[in-house]
Amino acid sequence: HISYILAAVISLTAAFSCSKSEMEPSVSETDVFTASGIVHVDDANSANPPTIRGIRVVMSSYDIHDILKLRPIEKDTTYTDKLGRYESSLELRRNRYYDILAEDIDGKENGGEFESYLMDKIYPGKHSRLENILLYMKRK
């Protein structure tokens with residue numbers, strides 16, 4: 001009976017000896033994280049707030065240990081189209097987090113001056129994510 005108990009202990013030890021990274025789903029060299037959405041004016045009076053064209057959207061990735069965001073590993077810059085849509089893609093890595101910055105860079109040309117908006121420390125669980133953005137008009 002001791003040999004059965006010893007065999008069971010060895011089996012359980014082997015089953016639980018895998019590291020966490022071995023048990024997580026694998027991420028290949030070609031996996032990509034894509035964020036997309038629509039940038040709207042934050043208009044509480046409208047059921048369908050207007051979209052904003054020409055907004056610069058920058059997605060950056062950082063090492064999970066770089067909590068001060070001193071060195072982005074990778075960046076992708078895009079601009080919203082005439083319907084306010086954007087799409088940005090970077091490599092998907094288990095040891096990274098991401099942020100998305102939306103900025104009005106053309107002043108009043110796109111219907112007004114808007115505050116920048118930062119979605120900080122995104123930890124994607126999927127390969128794509130819908131991130132609609134509301135921008136506020138700058139106060140005068």
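**Exercise 1.** Leaving aside neighbours within four places in sequence, which residues is Ile133 in contact with?

*Solution.* The model is predicted: local features need pLDDT of at least 70, side-chain atom pairs count only at pLDDT 80 or more, and totals for chains, interfaces and linings use all residues. Residues are numbered from 1 along each chain as its sequence is written, and side-chain values use heavy atoms, without hydrogens and water.

Step 1. Apply the cut-off: contact means heavy atoms within 4.5 Å.
Step 2. List the partners: Ile38, Val39, His40, Tyr86, Ile100, Ala102, Tyr117 and Met119.

**Exercise 2.** Place Ile133 in the largest nonpolar core.

*Solution.* Step 1. Define the core: buried Ala, Val, Leu, Ile, Met, Phe, Trp, Tyr and Cys residues joined through side-chain atoms within 4.5 Å. Buried means under 20% relative accessible area, exposed over 50%, partly exposed in between (1.4 Å probe, protein chains only).
Step 2. This core has 19 residues; Ile100, Ile133 and Leu135 touch the most other members.
Step 3. Among the elements giving it two or more residues are strands E1 (32-41), E5 (96-104) and E8 (133-135). E1 gives the most, four residues. Strands are DSSP runs of at least two residues, numbered from the N terminus.

**Exercise 3.** Describe the setting of Ile122 and Lys121 in strand E6.

*Solution.* Step 1. E6 spans residues 117-122 and holds Ile122; Lys121 lies there too.
Step 2. Ile122 is buried, at 5% relative accessible area. Lys121 is partly exposed, at 34%.
Step 3. Beyond four places in sequence, Ile122 has contacts including Phe33, Ile100 and Arg129.
Step 4. Check the backbone: Lys121 is not a glycine, yet its phi is positive, about 55°.
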